[in-house]
Amino acid sequence: MAKITYREALNQAMCNEMERDDRVFLMGEEVAEYNGAYKVSQGMLDKFGPRRVIDTPITELGFAGLGVGAAMAGLRPIIEFMTWNFAILAADQIVNAAAKMKYMTGGQYDCPMVFRGAGGAAARVSSQHSQAFENWYANIPGLKVVMPSNPADAKGLLAASIRDNDTVIFIENEINYGDIGEVPEGEYIVPLGKADIKRVGSDVTLVAHSRMTGYALLAAEGLAKQGIDAEVVDPRTIRPLDEATILASVAKTNRAVVIEEGWRFAGIGAEISARIMEKAFDDLDAPVARVTGKDVPMPYAANLEQYALPSVAEIVEAARVVCNRA
Amino acid sequence: MTTKKQDDNQAGITQEGRFYSAERLHAMHDMMLYIRRFEEKAGQMYGLKKIGGFCHLCNGQEAVCVGMEEAAEPTDYMMTSYRDHGHILARGSDPTAIMAELLGRAGGIVGGKGGSMHMFDKEKNFAGGNGIVGEQVPIGTGFAFASKYNDDKRVSITIMGDGGVNQGAVYESFNMAALWKLPVVFVIENNQYAMGTSLSRASAETHLYKRGISFKVPGIQVDGMDVLEVERKMTEALEHARSGQGPIIVEMMTYRYRGHSMSDPATYRTRDEVDEWRSGRDPIVRLQKQMIEAGLATEADFKQKDKDIKKEVVAVAKAAEAQPEPDLSVLWDDVINDEIPNAYPYPRQVG
Ligand SMILES: Cc1ncc(C[n+]2csc(CCOP(=O)(O)OP(=O)(O)O)c2C)c(N)n1
Ligand SMILES: [Mg+2]
């Protein structure tokens with residue numbers, strides 16, 4: 001296996017799928033000549049030409065809708081949002097059109113397409129550029145929501161998302177783009193709807209996605225030093241959620257902490273902890289704890305930003321509390 | 001263009017029939033130079049990692065900032081994108097507070113919460129500092145609506161880029177503003193690029209001042225590298241809006257010398273192209289030449305000024321840097337006005 005970055009892994013997935021299926025194209029701001037604002041589409045214009053790798057004006061609602069139409073007409077668009085903050089402008093096309101097209105046309109039309117780009121908090125970019133939106137899209141029937149936490153998953157999940165016959169919300173993480181990891185060469189698919197146990201443990205289950213998976217793994221190392229053996233479960237697909245893997249882990253550990261970068265109220269952790277309560281109440285030795293971003297817009301100042309975000313220390317602390325070790 | 005010394009006893013320059021006193025010319029020059037040096041300092045501080053995140057400098061575009069402000073009333077509203085340092089400096093906001101904001105300090109103009117992209121100064125009627133491309137355009141239209149509603153003759157100067165002009169909400173705003181004759185000047189800072197995308201790669205109609213035609217919004221094109229032309233044309237545009245004739249588009253032809261943001265190496269432009277603007281059309285050099293020709297200053301005067309301004313900017317940076325970071329408790333401030341204490345999510349609490 002080769003060691004490559006998260007961004008290269010995404011690039012490989014797109015290139016492989018575009019080689020295999022002429023219907024797949026990439027469209028977005030700065031994806032072609034600039035090679036991507038975050039260089040995810042590096043070299044793709046050279047490889048596939050301007051028919052299939054297309055720079056757009058700054059007009060998110062327009063090109064998202066164009067993607068919806070192209071998908072309805074039989075193409076397989078990959079629509080890149082420079083970041084998911086800007087996808088809010090396109091929310092109508094995603095939520096009112098793509099997500100509902102199959103249903104409200106009685107199955108006549110599909111929208112097999114991927115909306116992808118960077119989500120979550122980047123570094124020091126303040127309130128409008130540091131937000132987690134996975135819970136918004138995860139609330140919508142008709143959408144799938146996918147969030148890779150490492151390079152191998154990035155490749156395998158993106159390939160699976162492009163092949164999927166529905167609309168997939170694929171949320172990457174800007175801070176993870178440079179992360180290096182072993183990634184299988186050639187065709188590599190990670191099926192959607194399948195969680196992954198990133199660390200096996202027996203005392204407490206840490207459920208975390210995207211960048212928070214890395215935080216949970218760091219917390220698990222810290223907890224190990226304190227004699228607490230944490231299991232880290234990464235759902236990878238947020239919707240639909242592989243709850244069986246999470247519930248099996250909780251059946252073993254009897255304790256769980258759910259971690260997310262976004263805001264707590266009506267967040268992903270609310271859904272996951274509710275499912276654990278509904279389906280594994282008898283397995284629990286303590287209430288499920290949540291570690292989330294603070295309930296404020298993201299501030300710019302370095303110290304405030306750090307305070308607003310979840311930290312490894314907070315995860316360790318929450319795990320100690322659910323393990324009665326605080 | 002005619003540049004000549006005024007014959008009567010007041011020294012100055014008359015251009016296209018409009019007289020600028022020496023005092024006014026010096027003020028415009030000094031502000032442009034101040035912005036230039038301030039941006040250079042900000043770039044330096046970014047290099048030293050004292051400023052984080054996205055930082056968009058306006059070097060090259062100073063004449064737009066200063067000429068517009070010269071034409072505007074302090075009571076006129078102004079708002080722009082994230083490329084906001086120059087505009088807010090020209091508005092007369094406190095440079096130390098602006099630098100402190102860049103550094104994420106307690107005395108920042110929005111308390112360290114916004115950073116480079118989100119400069120606001122309500123006292124000066126400066127409404128940002130907006131990070132989402134095109135976002136300020138309907139907002140600016142709303143300020144104009146309020147002005148008409150209150151009949152207080154304030155104009156909303158709503159600034160966007162050549163990339164931002166492609167957002168749908170811009171046209172929705174043009175239509176509403178024209179329909180209701182709202183006092184708004186839509187300023188398009190056409191610096192030829194939106195990130196790495198040149199104007200012609202993003203716009204079918206590259207004459208952006210024509211973008212209002214189908215909404216009956218008139219448009220004019222202005223040499224945005226000539227502070228006097230900016231002042232003159234902007235004065236006309238403001239008069240148009242203020243007198244109840246509705247919106248107008250002003251396309252400022254300008255250029256950003258630096259990359260889009262500090263992380264953009266700008267390899268999509270040739271050095272010749274950048275040089276052509278930088279050494280051939282620089283707005284500060286241009287005004288200096290005009291003023292020297294008119295006998296209003298000497299090269300030595302400008303050298304001395306530059307030294308003084310650089311010193312001032314260094315002092316501002318020092319003062320800003322000496323400020324503490326915001327107190328952690330301010331994290332919870334200003335989320336909501338009317339906090340409801342006994343309902344979850346509880347104000348000022350983790351969970
Ligand atoms: C809605 C939205 N889409 C994309 C971006 C990312 N972005 C920031 S600035 C920019 C280019 C804007 O160019 P222009 O309007 O010409 O203004 P300039 O930067 O030249 O001043 C882009 C694409 C954003 N901030 N908001
Ligand atoms: Mg531009």
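**Exercise 1. Internal cavities**

Determine how many cavities of 30 Å³ or more this predicted model contains, and characterise the largest cavity.

*Solution.* Step 1: the count comes to five cavities of 30 Å³ or more. Step 2: for the largest cavity, the volume is about 120 Å³. Step 3: this cavity is lined by 15 residues, and those closest to its centre are Ser130(A), Glu261(A), Gly262(A), Trp263(A) and Met298(A). Step 4: sorted by class, the lining of the largest cavity comprises eight nonpolar, five polar and two charged residues. Step 5: among the elements of chain A, strand 13 (residues 256-263) gives the most to this lining, namely three residues. Step 6: the largest cavity lies between domain 1 (2-183) and domain 2 (196-322) of chain A, because both domains give residues to its lining.

**Exercise 2. A nonpolar surface patch**

Identify which residues of chain B make a nonpolar surface patch of about 580 Å², and assign the patch to elements.

*Solution.* Step 1: the residues that make the patch are Phe145(B), Tyr149(B), Met176(B), Leu179(B) and Trp180(B). Step 2: helix 5 (136-150) and helix 6 (168-179) of chain B are the elements that give two or more residues to the patch. Step 3: as one case, Leu179(B) belongs to helix 6 of chain B.

**Exercise 3. Salt bridges**

State how many salt bridges the structure holds over all chains, and analyse the pair formed by Arg163(A) and Glu17(A).

*Solution.* Step 1: the total over all chains is 45 salt bridges. Step 2: one of the pairs joins the side chains of Arg163(A) and Glu17(A), with an N to O distance of 2.8 Å. Step 3: Arg163(A) is in helix 7 (residues 151-163) of chain A and Glu17(A) in helix 1 (residues 6-20) of chain A, so this salt bridge ties together parts that are 146 residues apart in sequence. The general principle is that side chains of opposite charge can pair when their charged atoms come close.

**Exercise 4. Backbone geometry**

Describe the peptide bonds that precede Pro240(A) and Pro345(B), and the phi angle of Ser126(A); locate each residue.

*Solution.* Step 1: as a reference, most residues other than glycine have a negative phi, and most peptide bonds are trans. Step 2: the bond from Arg239(A) to Pro240(A) is cis, with omega near -5°. Pro240(A) is placed in the loop between strand 12 (237-239) and helix 9 (243-253) of chain A. Step 3: the bond from Tyr344(B) to Pro345(B) is cis, with omega near 5°; Pro345(B) is found in the segment after helix 11 (299-322) of chain B. Step 4: Ser126(A), a residue other than glycine, has a positive phi near 70°. Ser126(A) is located in the loop between strand 5 (113-119) and helix 6 (134-138) of chain A.

Note on methods
Residues are numbered from 1 along each chain as its sequence is written. Chains are lettered from A and ligands numbered from 1 in the order in which they are written. This is a predicted model: local features need pLDDT of at least 70, side-chain atom pairs count only at pLDDT 80 or more; totals for chains, interfaces and linings use all residues. Side-chain values use heavy atoms; hydrogens and water are left out. On a 1 Å grid over the protein atoms alone, a cavity is a set of points where a 1.4 Å probe fits but cannot get out, and a pocket is an open set with protein on both sides within 12 Å along at least five of seven lines; lining residues have an atom within 4 Å of a point. Grid points are joined across faces, edges and corners, and a volume is the space filled by probe spheres set on the points. Helices (H or I, at least four residues) and strands (E, at least two) are DSSP runs, numbered from the N terminus. Ala, Val, Leu, Ile, Met, Phe, Trp, Tyr, Cys and Pro count as nonpolar, Asp, Glu, Lys and Arg as charged, and the others, Gly among them, as polar. Domain bounds come from an automatic or database domain assignment. Patches are made of residues with over 30% relative accessible area and no salt bridge: like charges are joined within 9 Å, nonpolar side chains (Val, Leu, Ile, Met, Phe, Trp, Tyr) within 5 Å. Accessible areas come from the Shrake-Rupley method with a 1.4 Å probe; for residues, only the protein chains shown count as cover. A salt bridge is a side-chain nitrogen of Lys or Arg within 4 Å of a carboxyl oxygen of Asp or Glu.
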